[in-house]
Amino acid sequence: MGAESAASSEGASAASPSVAALSSSGFESAATTQTHMGSTVPPWSAAHAYTNLYGVKTPITASVVGNVQVNDAGTANETHHIVLDFGAMPFPVLEGQSIGIIPPGVDAQGKPHHARQYSIASPRNGERAGYNNLSLTVKRVVEDHEGQPVKGVASNYLCDLETGDSVQVIGPFGASFLMPNHPKSNIVMICTGTGSAPMRAMTEWRRRLRQSGKFESGKLMLFFGARTQQELPYFGPLQKLPKDFIDIHFAFSRTPNQPKRYVQDLLRERSADITAMLQDANTCFYVCGLKSMEEGVLHALRDIANEAGLGWDVVAPVLKREGRLHLETY
Ligand SMILES: Cc1cc2nc3c(=O)[nH]c(=O)nc-3n(C[C@H](O)[C@H](O)[C@H](O)COP(=O)(O)OP(=O)(O)OC[C@H]3O[C@@H](n4cnc5c(N)ncnc54)[C@H](O)[C@@H]3O)c2cc1C
């Protein structure tokens, strides 16, 4: 299974950049293979997404207005919440979209660093409502996928930013991993680590709509995994959300003296709810996080559908066609 990045499961979408276009705009295409299970179209009630307003030759400059660690200080997988402000420059975004960051300096070959993609963690009307800003959830990469020590270029640059620093940004990207906007639409969010960024954005937008009293929301379910509670970003704020607003389930895979639990285990435990959601055309599923989670999550959804007699072979194409299953793993 591949990633939904700006060039992955959206690769077939007319509003999305092609892999070639992204390569020329500075992204590595390696992180952008296309998944075949995920939707390449947005939900029918999604808002219109602007994409590719700023490319690598014409980046926009944002100012850092905040940078705080959002998991327990000192844990592995140090993760930061970074707020970027665009001043008077247009940078319209939607929940589920991502941006590209161009780290300053050059690589080992003396070429400018390529841009890295980061999901937007704030709602469409700003990290602070009514402001032209957005937030990111960035994990400081200190080892590669094989566990060898490495200093990730962009993630370390971002995590070390200070208020007032300038950042070169391109994008926005993404025209299918977007939330439904119609009343009573349900959202099932399945994520690990920084995959929580788009889920935070969608949840916060729904929370603001609820506060306005003018929107009748459907159910929100969140299945969130991390190695430990200490490593999980936004653990504190998530605990404060009202239970009648969002149904939250955590899975921790490395809690001492506890069995390993993954998000797919949580899905299986809630199979009755998931079955109902799979059958309800008002429900959209979002999966985001490390690539390694995707297969397990899809297998759990398949087994739940099959055990309920729905037939995954029947359900999966419907979800994909109707813009109801969105995958973004990296
Ligand atoms: C669509 C999309 C959305 C993304 N959203 C986010 C996000 O919201 N937050 C976020 O933190 N990252 C996100 N990423 C990952 C991000 O783009 C970078 O790949 C990541 O920050 C590493 O970049 P780097 O420059 O620090 O590391 P690099 O210098 O590019 O790589 C250093 C080494 O680390 C390895 N590596 C790369 N990424 C990771 C990783 N995530 N974990 C462990 N090892 C890694 C590489 O294989 C390489 O060996 C997203 C990626 C995509 C495609």
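How much of the contacts in the chain with a separation of 6 or more comes from residues 24 or more positions apart? I looked this up before anything else. Such residues account for 74% of those contacts. I note here that the model is predicted.

**Entry 1: the chain as a whole**

I counted eight helices and 11 strands in the chain. The chain has 330 residues, and 53% of them count as buried. I then took the exposed area, which is about 14500 Å². Carbon and sulfur atoms supply 53% of that area.

**Entry 2: helix α3**

I checked the length of α3, residues 196-212. Its 17 residues should span 24 Å at 1.5 Å a residue, and the end C-alpha atoms are 24 Å apart, so the two agree.

Next I asked how many of the residues of α3 are buried. The number is 12 of the 17, so the helix is largely enclosed by the rest of the structure. The buried residues include Met199, Met202, Trp205 and Leu209. Charged side chains are not absent from the list, as Glu204, Arg206 and Arg208 are also buried. I looked for what lies over these buried residues and found that the cover includes the strands β4 (116-119), β5 (133-139), β7 (186-192), β8 (220-226) and β10 (283-289). Just after the helix, Gly213 has a positive phi of about 75°.

**Entry 3: Ser185 and its link to α3**

I followed Arg206 out of the helix. Its side chain makes a polar contact of 2.6 Å with the side chain of Ser185. Ser185 sits in the loop between β6 (166-173) and β7. Is Ser185 buried or exposed? Its relative accessible area is 0%, so I put it down as buried. Setting aside neighbours within four places in sequence, I found Ser185 in contact with Pro180, Arg206, Ser217, Gly218, Lys219 and Asn282.

**Entry 4: backbone oddities**

I went through the backbone angles with one rule in mind. Most residues other than glycine have a negative phi, and most peptide bonds are trans.

Lys184 is not a glycine, yet its phi is positive, at about 70°. Lys184 is in the loop between β6 and β7. With a relative accessible area of 48%, Lys184 is partly exposed.

Tyr234 also has a positive phi, near 65°, without being a glycine. I placed Tyr234 in the loop between β8 and α4 (235-239). Tyr234 counts as buried, because its relative accessibility of 7% is under the 20% cut-off.

Which peptide bond did I note as cis? The bond from Gly171 to Pro172 is cis, with omega near -10°. Pro172 belongs to strand β6.

**Entry 5: the ligand**

I turned to the ligand and found 21 residues around it. The closest are Gln117, Tyr118, Thr137, Ala154 and Ser155.

I then listed some polar pairs. A polar backbone atom of Gln117 is 2.6 Å from an oxygen atom of the ligand. An N or O atom in the side chain of Tyr118 is 2.7 Å from an oxygen atom of the ligand. For Glu143, a backbone N or O atom lies 3.4 Å from a nitrogen atom of the ligand.

How much of the ligand does the protein bury? The ligand taken alone exposes 900 Å², and the protein buries 83% of that. Three elements give two or more residues to the shell, namely β4, β5 and α2 (153-159). Strand β4 gives the most, with four residues. By class, I recorded seven nonpolar, eight polar and six charged residues in the shell. I note that β4 and β5 are also among the elements that cover the buried residues of α3.

**Entry 6: helix α7**

I checked a second helix, α7, residues 292-307. Its 16 residues reach 24 Å from the first C-alpha to the last, close to the 22 Å expected at 1.5 Å a residue. Among its buried residues are Met293, Val297, Leu298, Leu301 and Ile304, and Glu294 and Asp303 are buried too. The cover over the buried residues of α7 includes the helices α5 (263-269), α6 (271-279) and α8 (312-321). Strands β7, β10 and β11 (325-329) are part of that cover as well. Just after α7, Gly309 takes a positive phi of about 80°.

Key. Residues numbered from 1 in each chain as written. Heavy atoms only, no water. Expected span 1.5 Å × (residues − 1). Buried < 20%, exposed > 50% of the residue type's maximum accessible area, 1.4 Å probe, protein only. Contact = heavy atoms within 4.5 Å. Near = heavy atom within 4 Å. Polar contact = N/O pair within 3.5 Å; in protein donor to acceptor, adjacent residues only side chain to side chain. Areas by Shrake-Rupley, 256 points an atom, 1.4 Å probe, with all protein chains shown as cover. Nonpolar A, V, L, I, M, F, W, Y, C, P; charged D, E, K, R; others polar.
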